[in-house]
Structure formats: structure tokens, C-alpha cells
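Here's a quick tour for anyone meeting this structure for the first time. Keep the picture open while you read, and follow along one piece at a time.

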Amino acid sequence: MFVLSHNKYSIILKVERKMSQKEKLETAQKGAFLSLIVYIILSVTKFIVGYLYDSAAVKADSLNNMTDIIVSLAVIIGLKISIKPADQNHPYGHLKSENISSLLVSFIIMFVGIQVIIENVPELFTNEHHTPNIINIYVSVISGLIMLAVFYINQRIANHTQSSSLNSAAKDNLSDALVSLGTAIGLVFTQFGFPIIDTILAIILGLLIIYTGFGIFKESIFTLSDGFNEQELEAYKNYVLEIEDVIEVQNIKGRYHGSSVFVDVTIVVKSDLSLEEAHHICDKVEQHMHSKGISSVYVHPEPQSIQ
């Protein structure tokens, strides 16, 4: 698993052992907290610089980061709820809270993108365009590099914890990094007599924000509607067939619950087995699937039909 140093935001990535579900969620929270702190610092810095040194693109980027603060909070809350154990009303636990928070994240991101476009499109048709100060370029480059580092950390955490909400947040981190670096490149042209590029960049930034949000929206809807990756399901079927006494996999279904995977499988075993022997085979399938990272497995045996 990931080992976190005593400094909350200093993350050392090291795989030592398999993580429990609670450990995964708690580790994913660390990544969300990291994003939150960085976004607060960058959004305030960009807003001040963009306002004082007259850059629509940097101010738009600041607005993007300000809403990312809300996004990070939504991820943290979703992960916090996911940690809650199962109860009478939630026998499968609260794991889908992660997927719901990802869906909320997508709406916030798309809303921000639309707002940025609405605010900057009218500026294209005005005759007054100010050349932004060169300090905006430096701030955008530094911001982009910082966000690339945050993306790298959060993507690795998301991959190892299989956190859907942190994976969405990591995608947003990458989007922010590319936007900041692209803004810096575009602002270079404003220094050579093309100040309108600052407004154009702000509009492009808005479109990129919408695109990122829509991608997260599609993934969230797919998960919440119990969609499942066919290639993953085929891999799980092959895992089941690795058990020697399983003759055939008659049926297999999967669904995502946050960062967890639930699998229901019907296996075919010899018809002359006792109930205890069939049960033992089911136990072996469950243990094998758990070793492959599946959180919950339901196995139903069926006797082999005699031709």
C-alpha cells in the first residue's frame, strides 16, 4: 500500500501489502486533501495576479481553481461517507457515495466552463484589448508544473486504491495543468501585439473545462447505472476457471460500488458432488477472487448436465 509520512501532505509512494477497503478510502482522502490545499493557494494567487495585471485567461483559470476547491470538498465528503459501515438500510454499505460525488463533480466542472465562455465571448467583439503583464506567464507556468506534480501523485493513489472519485479529481488535476501551461504559451503571443489572444485563451479554457466535466459525467452515469467493463468481466471469468474443480462459468455479472467491485457468478461442477463438496469449491472460488482484488463475490453452483 502507500505509506504516508507523518507530514500529512508528504506522500511517499511505496507498495508494501494489500490494502483493506477502509485503508484505501482513507488513503484516497489524503490525495483529495492535497488537491484542496494546492487549489486554495493557486486560485488565490491567480486571482490576484490576473486582476492586478489584467489577464482574462488567468482570471478564468483562477475561477476554475476556485470551483476545484468545491470539487475537492465533494470528493472528501464522498470518501468520508463511503467509509461508513453497512447498516440496516444500506446492506451493501455506502460505497456508491463515491460515484455520486463524482457525478456532482462533473456538474460543477461543466457549469464553470459554461460561465467562463459566457463571460468572455462578448469580449471578442469589443475594440479594447489590453496586453497582459508578463508576470501572468510566469504564474501560469509555475501553476501548470505544480498541478502536473499533484496529478502524478493523485493518479498513482487512485490506481492503487481504485478510487473512482479520486480518479476523477486526478483527471481534473491534469486538465488544470494543461490549461495553465497552454495559457502560458498563448500569453506569450500577447506580448507581440496580439492581446485578443488572452480572451481567446479564456474561451478555449472554458471549452476544455466542459469537455473534462462531460467525460467524468459519462463515467459516473455508467457506474451508477450498473454498467460494467466487458474486458474486466472476461478477466474475472478466467480467474474463476483457474479453480480446478470448476467445469464451466455459466453466468457472471459485475457492478461497481465506489472503488469496490462486486461479482456474482454461477459455476458448473460435477453432478455427483455432495453439498459440502460443492460448497468447498465455492469457497475456493471466493478466496481466489478476493486475492485478485474483488471486494465481494457471490458464487452459485449448478450441477453438470448429463448428456
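Helix α3 passes α6 in a left-handed crossing. The two axes come within 7 Å of each other and cross at roughly 160°, which makes α3 roughly antiparallel to α6. Bear in mind throughout that this is a predicted model.

Now step back to the whole chain. The protein has 8 helices and 5 strands. Read from the N terminus, the elements go β-β-α-α-α-α-α-α-α-β-β-α-β. Of its 307 residues, 46% count as buried. If you take contacts between residues at least 6 apart in sequence, 72% of them join residues at least 24 apart.

**The helical part**

Which residues touch the most other members of the largest nonpolar core? They are V38, V105, I109, M147 and L166, out of 29 residues in that core. Six helices each supply at least two residues: α1 (21-52), α2 (56-83), α3 (97-120), α4 (135-161), α5 (164-190) and α6 (196-224). The largest share, 7 residues, comes from α1. As background, nonpolar side chains tend to be buried together in soluble globular proteins.

M147 is a handy place to look around. Skipping its neighbours within four places in sequence, M147 is in contact with V38, Y39, L42, N173, D176 and A177. One of those partners, V38, is also on the list of residues that touch the most other core members.

Next, find the loop between α3 and α4, where T131 sits. Is T131 buried or partly exposed? With a relative accessible area of 44%, T131 is partly exposed. Leaving out residues up to four places away in sequence, T131 touches T190, Q191 and P195. F194 is 63 residues away from T131 along the chain, yet their C-alpha atoms are separated by 7.7 Å.

**The sheet part**

Apart from the 29-residue core lies another one, made of 21 residues, with Y236, V249, V265 and V299 among them. Over to the strands: 3 of them form an open sheet in the order β3-β4-β5, with mixed pairing. At the edges are β3 (248-257) and β5 (296-303), each pairing on one side only. From one strand to the next, the twist averages 10°.

Here's how the two pairings in this sheet look side by side:

| Strands | Sense | Bridges |
|---|---|---|
| β3 and β4 | antiparallel | 9 bridges |
| β4 and β5 | parallel | 8 bridges |

You can pick out single partners too. R255 has F262 in β4 as its bridge partner. D264 is bridged to Y298 in β5, and V268 stands opposite E302, again in β5.

Why is β4 (residues 260-269) described as largely enclosed by the rest of the structure? Because 9 of the 10 residues of β4 are buried.

Two helices go with these strands. Helix α7 (residues 230-241) lies across β3 and β4, running at about 130° to β3. Helix α8 (residues 275-291) packs on the sheet and touches β4 and β5, and its direction makes about 145° with that of β5.

To finish, zoom in on I252, which is found in strand β3. How does I252 count, buried or exposed? I252 is buried, since its relative accessible area is 13%, and the cut-off for buried is under 20%. Not counting residues up to four places away in sequence, I252 touches L233, Y236, K237, V263, D264 and V265. Two of those names have come up before: Y236 and V265 are among the residues of the 21-residue core. D264 is familiar as well, as the bridge partner of Y298. As for K237, it is 15 residues from I252 in sequence, and the two are 6.9 Å apart in space, C-alpha to C-alpha.

Notes. Residues numbered from 1 in each chain as written. Predicted model: local features only at pLDDT ≥ 70, side-chain atom pairs only at ≥ 80, totals over all residues. Heavy atoms only, no water. Core = buried A, V, L, I, M, F, W, Y, C linked by side-chain atoms within 4.5 Å. Buried < 20%, exposed > 50% of the residue type's maximum accessible area, 1.4 Å probe, protein only. Helix = DSSP H or I, 4+ residues; strand = E, 2+ residues; numbered from the N terminus. Contact = heavy atoms within 4.5 Å. Pairing = 2+ DSSP bridges. Axes fitted to C-alpha atoms, helices over the stretch in contact; angles between N-to-C directions. Parallel < 35°, antiparallel > 145°, perpendicular 65-115°, else oblique. Left-handed = near helix turned anticlockwise from the far one by under 90°.
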